[in-house]
Amino acid sequence: MSESAEPPAPRALPLVLAEPRGRKKPPRHLADLAPGERKERLVELGLPGFRAKQLSTHYFARLVDDPALMTDLPAAQREELVAALLPELMTPLRTLEADRGTTRKTLWRLFDGALVESVLMRYPGRVTLCVSSQAGCGMACPFCATGQGGLQRNMSTAEIVEQVVAGARALARDEVPGGPGRVSNVVFMGMGEPMANYNAVIGAVRRLTDPAPDGLGMSARGITVSTVGLVPRMRQLADEGIPVTLALSLHAPDDELRNELVPINTRFSVAETVEAAWHYADRTKRRVSIEYAMMRGINDQAWRADLLADVLTSYGGSERWGWVHVNLIPLNPTPGSKWTASDPADEREFVRRLEARGVPTTVRDTRGREIDGACGQLAAAPSVVE
């Protein structure tokens with residue numbers, strides 16, 4: 001394969017870091033609030049504050065979504081209590097299945113009509129839920145279907161959490177092949193740039209990891225937060241004290257190409273971005289995942305594998321304590337895209353070169369590709385709504 005392949009043409013879509021103004025906010029939900037704030041909210045509304053813990057137990061521990069089953073709440077106040085802290089946030093419009101039902105992509109309509117998608121993937125021994133953090137995305141990466149639609153708005157903490165709780169309900173009710181189960185892993189790799197909606201995402205991580213019944217009681221080590229490289233937020237995450245896994249969507253080891261593939265690189269260079277990832281690993285002692293979508297003739301040349309190894313091993317050296325792991329992603333097709341997945345032989349050579357330099361490398365499973373539920377395919381297209 002030629003090393004002189006032309007990079008893609010500049011993007012027409014702008015890079016958008018702030019959500020459009022004037023959007024209405026979703027109704028406040030107990031998942032938006034810390035436990036003490038839930039009690040205060042009920043008191044503000046003239047309702048008994050101690051009922052907040054009962055409502056939290058129903059939502060996070062019992063996974064109840066039918067008020068009629070909340071029999072410990074007084075019938076005369078039940079409707080008012082549920083309206084106060086458990087308003088309906090999103091409506092499922094369609095669920096597509098693959099892998100004999102163990103991969104499920106759900107299209108959700110939010111309160112204002114915005115559409116988002118989440119994907120549940122069941123594997124032997126674990127269940128991973130891929131969640132969205134924004135309706136659309138403002139990062140304008142040309143090979144990603146989500147980025148082609150632009151940014152509509154940020155999602156609230158509760159809207160993010162509800163995707164996980166809905167998946168937990170489906171598993172608890174034995175609606176996913178494999179018997180009753182629980183969500184063990186959450187990846188912020190759905191629609192949107194999580195670091196561009198930082199406060200809501202961190203709020204969601206805290207709700208997911210708060211012990212039941214205040215939250216879902218998940219391990220922070222089972223949560224992965226992805227970013228295309230918002231360096232200040234990456235550094236802020238390192239100071240949160242929550243040992244989540246950081247995943248950096250790098251996709252190119254050189255600024256010239258990454259400026260085209262990942263437009264945020266025009267703000268923060270490869271060197272700055274990787275340094276922030278190294279800082280996160282050094283501060284938390286959590287290994288960082290480098291996401292790299294393999295695109296035929298664009299970023300899959302052997303010399304770029306060597307350059308990627310140079311970049312990553314220049315920060316501490318992966319051989320010293322394994323601060324980084326490269327996750328190669330066979331490019332998933334999107335409608336009208338001119339980019340295609342790498343030739344398997346080129347992919348193997350890319351892996352060989354990285355591993356020869358002591359950089360641990362794996363090739364990601366392309367779960368959900370046939371239902372447009374794999375990496376880079378989530379678009380929540382209105383045309384699929386029946």
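## Helix 3: two sides

On one side of helix 3, A76, E79 and A83 are exposed. The buried residues of this helix, which spans residues 75-85, are R78, L81, V82, A84 and L85. These buried residues cover an arc of only 155 degrees around the axis, so they sit on the same side of helix 3. The model is a predicted one.

What lies over the buried residues of helix 3? The cover includes helix 1 and helix 2.

## Helix 1 against helix 3

Helix 1 packs on helix 3 at an angle of about 125 degrees. Their axes are 10 Å apart. Helix 1 is therefore oblique to helix 3, since only angles over 145 degrees count as roughly antiparallel and those from 65 to 115 as roughly perpendicular. The crossing of this pair is right-handed.

R38, R41 and L42 are the contributors from helix 1. From helix 3 come L81, A84 and L85. L81, A84 and L85 also belong to the buried set of helix 3. By class, the contact of helix 1 with helix 3 holds four nonpolar and two charged residues, with no polar ones.

## Helix 1 against helix 2

Helix 1 covers residues 35-44 and helix 2 covers residues 51-61. Their axes come within 8 Å. They cross at roughly 125 degrees, which makes helix 1 oblique to helix 2. The crossing is right-handed.

On the helix 1 side, R38, K39 and L42 take part. They meet R51, A52, L55, S56 and F60 of helix 2. The residues of this contact divide into four nonpolar, one polar and three charged. R38 and L42 serve in the contact with helix 2 and also in the contact with helix 3.

## Helix 5 against helix 6

Further along the chain, helix 5 (residues 157-172) meets helix 6 (residues 198-209). The two axes come within 8 Å and cross at roughly 45 degrees. Helix 5 is therefore oblique to helix 6. The crossing of helix 5 and helix 6 is right-handed.

Which residues make the contact of helix 5 with helix 6? Helix 5 supplies T157, I160, V161 and V164. Helix 6 supplies N199, A200, V201, G203, A204, R207 and L208. Sorted by class, the contact of helix 5 with helix 6 has seven nonpolar residues, three polar and one charged.

## M218, after helix 6

M218 lies in the loop between helix 6 and strand 8, the strand of residues 223-227. Is M218 buried or exposed? M218 has a relative accessible area of 6%. Buried means under 20%, so M218 is buried.

Beyond its neighbours within four places in sequence, M218 touches V183, S184, N185 and V186. Its other contacts of this kind are L208, T209 and I223. L208 is also one of the helix 6 residues in contact with helix 5. R207 is another helix 6 residue in that contact. M218 and R207 are eleven residues apart in sequence, and their C-alpha atoms are 9.0 Å apart in space.

## The whole chain

The protein chain has twelve helices and twelve strands. Of its 386 residues, 56% count as buried. How much of the contact set joins residues at least 24 apart? Among contacts between residues at least 6 apart in sequence, the share is 69%.

Technical notes:
Residues numbered from 1 in each chain as written. Predicted model: local features only at pLDDT ≥ 70, side-chain atom pairs only at ≥ 80, totals over all residues. Heavy atoms only, no water. Axes fitted to C-alpha atoms, helices over the stretch in contact; angles between N-to-C directions. Helix = DSSP H or I, 4+ residues; strand = E, 2+ residues; numbered from the N terminus. Parallel < 35°, antiparallel > 145°, perpendicular 65-115°, else oblique. Left-handed = near helix turned anticlockwise from the far one by under 90°. Contact = heavy atoms within 4.5 Å. Nonpolar A, V, L, I, M, F, W, Y, C, P; charged D, E, K, R; others polar. Buried < 20%, exposed > 50% of the residue type's maximum accessible area, 1.4 Å probe, protein only. Arc of directions from axis to C-beta.
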